[in-house]
Amino acid sequence: MALFAGHVIYAANHFIAKDIMPEKVNPNALVIFRVVGAGLLFWGIKFFIKEKVAKKDFFKLALCGLFGASMNQLSFFHGLNLTSPIDTSIIMTSAPTVVFIMSVIVLKERVTGAKLLGLSIGALGAISLIWYGQVSENNSSFLGNLFIFINVLFYSLYQVIVKPLMRTYHFITIISWVFLFGFIFVIPFGLKEVFYNTNYSAFDLNTNMAIAYIIVFTTFFTFLFNIYGLRQVSPAVAGSYSYVQPAVSFIIVLILSFVFHNDIYNKDIDFVKIISCFLVIIGVYLISKKPKGG
């Protein structure tokens with residue numbers, strides 16, 4: 001339930017964040033709001049958890065902050081600003097495949113024939129969708145899709161680096177330091193946007209609610225849900241829940257179209273995207289499937 005809820009929240013975030021960028025908030029400023037807001041919430045909990053971090057682990061935590069709370073978020077919001085929420089949700093399902101590749105390189109995970117086939121199929125789906133953003137006439141964008149995939153690369157690298165730390169420290173301790181380092185790394189990109197290039201007079205109730213949703217739900221609760229889920233189930237099972245995002249995105253498009261008479265994203269669902277989505281899902285399934293007797 002925690003993993004399912006986290007991916008539903010994230011799928012809705014694609015549409016909520018897209019609605020306020022870039023007219024109301026620049027992507028760099030939105031990352032600052034997100035990192036600062038969620039960081040304060042995490043450190044509020046950390047205050048009650050008395051746990052010291054060894055000096056030798058601060059470098060790893062800094063890398064986690066760079067890849068998991070800074071560069072990944074900057075690339076994600078810049079990508080979402082340019083491309084469609086549907087494309088975003090489909091590309092995000094490739095995360096388990098990327099984690100597998102990095103686990104093979106960094107953690108020397110064993111490669112089987114089924115996993116290699118899954119890797120090839122999933123890569124075909126993701127690459128097809130990114131390329132399709134260059135030739136399609138809808139809300140897709142080649143550059144935007146590429147930014148989203150770069151976000152997946154950064155976050156997957158974060159997951160590989162943070163895995164050994166999870167065996168030593170409380171997850172609140174890790175997340176708190178990750179967001180503190182993340183804030184330090186995003187300052188050069190977003191501080192000017194926050195103070196000089198954001199039109200706060202244009203903010204309305206919907207804008208404030210959208211930013212609050214991104215901070216409290218998309219960041220704070222999603223991180224907690226994912227960490228809790230990873231402690232209860234295997235990484236393979238946790239990774240399979242990324243399938244939820246495109247499904248929820250398709251449902252949101254239908255609701256926007258039929259209930260609110262908003263068909264802006266209707267043309268974003270087509271044959272190529274559906275096929276790309278299935279290729280990625282099949283690829284992740286093959287990679288996550290345990291071998292017989294394993």
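Is Asp204 buried, exposed or partly exposed? Select Asp204 in this predicted model and display its surface: the residue has a relative accessibility of 33% and therefore counts as partly exposed.

**First stop: Asp204 and Lys24**

Keep Asp204 selected and add Lys24. The two side chains form a salt bridge, with an N to O distance of 3.5 Å. The pair connects distant parts of the chain, its members being 180 residues apart. Asp204 belongs to the loop between α9 (171–196) and α10 (205–232), while Lys24 belongs to the loop between α1 (2–20) and α2 (27–46). Lys24 is also partly exposed, because its relative accessibility is 22% and the buried class ends at 20%.

**Second stop: Lys56 and Asp57**

The structure holds 2 salt bridges. Select Lys56 and Asp57 next; their side chains meet in a salt bridge at 3.5 Å, N to O. The partners fall into opposite classes of accessibility: Lys56 is exposed, at 64%, whereas Asp57 is buried, at 5%.

**Third stop: Lys18**

Now move to helix α1 and select Lys18. This lysine is buried, with a relative accessible area of 16%. Which backbone oxygens should be displayed around the side chain of Lys18? One belongs to Leu80, which the Lys18 side chain reaches at 3.0 Å. Another belongs to Thr83, whose backbone oxygen lies 2.7 Å from a polar atom of the Lys18 side chain. Showing Lys18, Leu80 and Thr83 together places both of these contacts in one view.

Definitions and conventions:
Residues are numbered from 1 along each chain as its sequence is written. This is a predicted model: local features need pLDDT of at least 70, side-chain atom pairs count only at pLDDT 80 or more; totals for chains, interfaces and linings use all residues. Side-chain values use heavy atoms; hydrogens and water are left out. A salt bridge is a side-chain nitrogen of Lys or Arg within 4 Å of a carboxyl oxygen of Asp or Glu. Helices (H or I, at least four residues) and strands (E, at least two) are DSSP runs, numbered from the N terminus. Buried means under 20% relative accessible area, exposed over 50%, partly exposed in between (1.4 Å probe, protein chains only). A polar contact is a pair of N or O atoms within 3.5 Å; within protein, one must be able to donate a hydrogen and the other to accept it, and residues adjacent in sequence count only if both atoms are side-chain atoms.
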